[in-house]
Amino acid sequence: MNRAKRQQFLNSLSNEEAAILAYDWGFWSRPNQRPPKGAWSTWMMLAGRGFGKTRAGAEWVRGLVEDGTAKRIALVAPTLHDARSVMVVVDSGLLPVCPPWFRPTFDPPNRTLTRPNGAIATLFGA
């Protein structure tokens with residue numbers, strides 16, 4: 001789709017449609033930022049700065065929570081500070097990638113993110 005057609009399409013959207021599209025990771029992501037197909041238990045994303053690893057991970061977790069696959073999530077980083085600053089609050093972290101209608105509540109003292117559907121992510125420092 002060329003730039004003019006893309007702009008025409010975006011201009012044709014209602015405010016509600018535009019808001020939904022803004023949070024549609026399948027639309028915005030590159031194929032190499034999406035989880036691999038098939039039955040797997042480990043997914044390694046080896047890439048440099050700026051690739052979108054944090055965003056891809058946050059969107060993957062978001063998808064698992066929204067479709068009901070995940071109810072309990074462990075967010076593990078070298079330190080609790082790293083877990084909070086990199087996985088949760090950074091622009092590509094779990095709070096910013098969630099749409100307002102499904103945004104989790106962050107409880108820093110308890111190190112938890114609780115989603116509207118009851119799913120809970122707990123932060124851990126290794």
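1. Helices here are DSSP runs of H or I with at least four residues, and strands are E runs of at least two, numbered from the N terminus. Counted that way, the protein chain has six helices and four strands. Keep in mind that this is a predicted model.

2. On the overall layout: starting at the N terminus, the elements go α-α-α-α-β-α-α-β-β-β. The C-alpha atoms fit a box of roughly 50 × 30 × 30 Å along the principal axes. Of the 126 residues, 27% count as buried. The accessible surface is about 8400 Å², with carbon and sulfur atoms making up 57% of that.

3. Now the strand pairing. S1 (residues 72–77) and S4 (residues 120–125) run parallel and are joined by six bridges. S3 (residues 112–114) also pairs with S4, but antiparallel, through three bridges.

4. Thr122 is a handy residue to click on in S4. It is the bridge partner of Ala74, and Thr112 stands opposite Thr122 as well.

5. What links S3 to S4? The two form a hairpin with five residues between them, and Gly118 in that turn has a positive phi of about 95°.

6. Have a look at the surface around Phe9, Leu10, Phe27 and Trp28, too: these residues make a nonpolar patch with about 370 Å² of accessible area together. Helix H1 (3–12) and helix H3 (25–28) each contribute at least two of the patch residues.

7. Is Phe9, which lies in helix H1, buried or exposed? Neither quite fits: Phe9 counts as partly exposed because its relative accessibility is 34%, and that class covers values between the 20% and 50% cut-offs.

Definitions and conventions. Residues numbered from 1 in each chain as written. Predicted model: local features only at pLDDT ≥ 70, side-chain atom pairs only at ≥ 80, totals over all residues. Heavy atoms only, no water. Patch = residues over 30% accessible without salt bridge, like charges linked within 9 Å, V, L, I, M, F, W, Y side chains within 5 Å. Areas by Shrake-Rupley, 256 points an atom, 1.4 Å probe, with all protein chains shown as cover. Salt bridge = Lys/Arg side-chain N within 4 Å of Asp/Glu carboxyl O. Buried < 20%, exposed > 50% of the residue type's maximum accessible area, 1.4 Å probe, protein only. Pairing = 2+ DSSP bridges.
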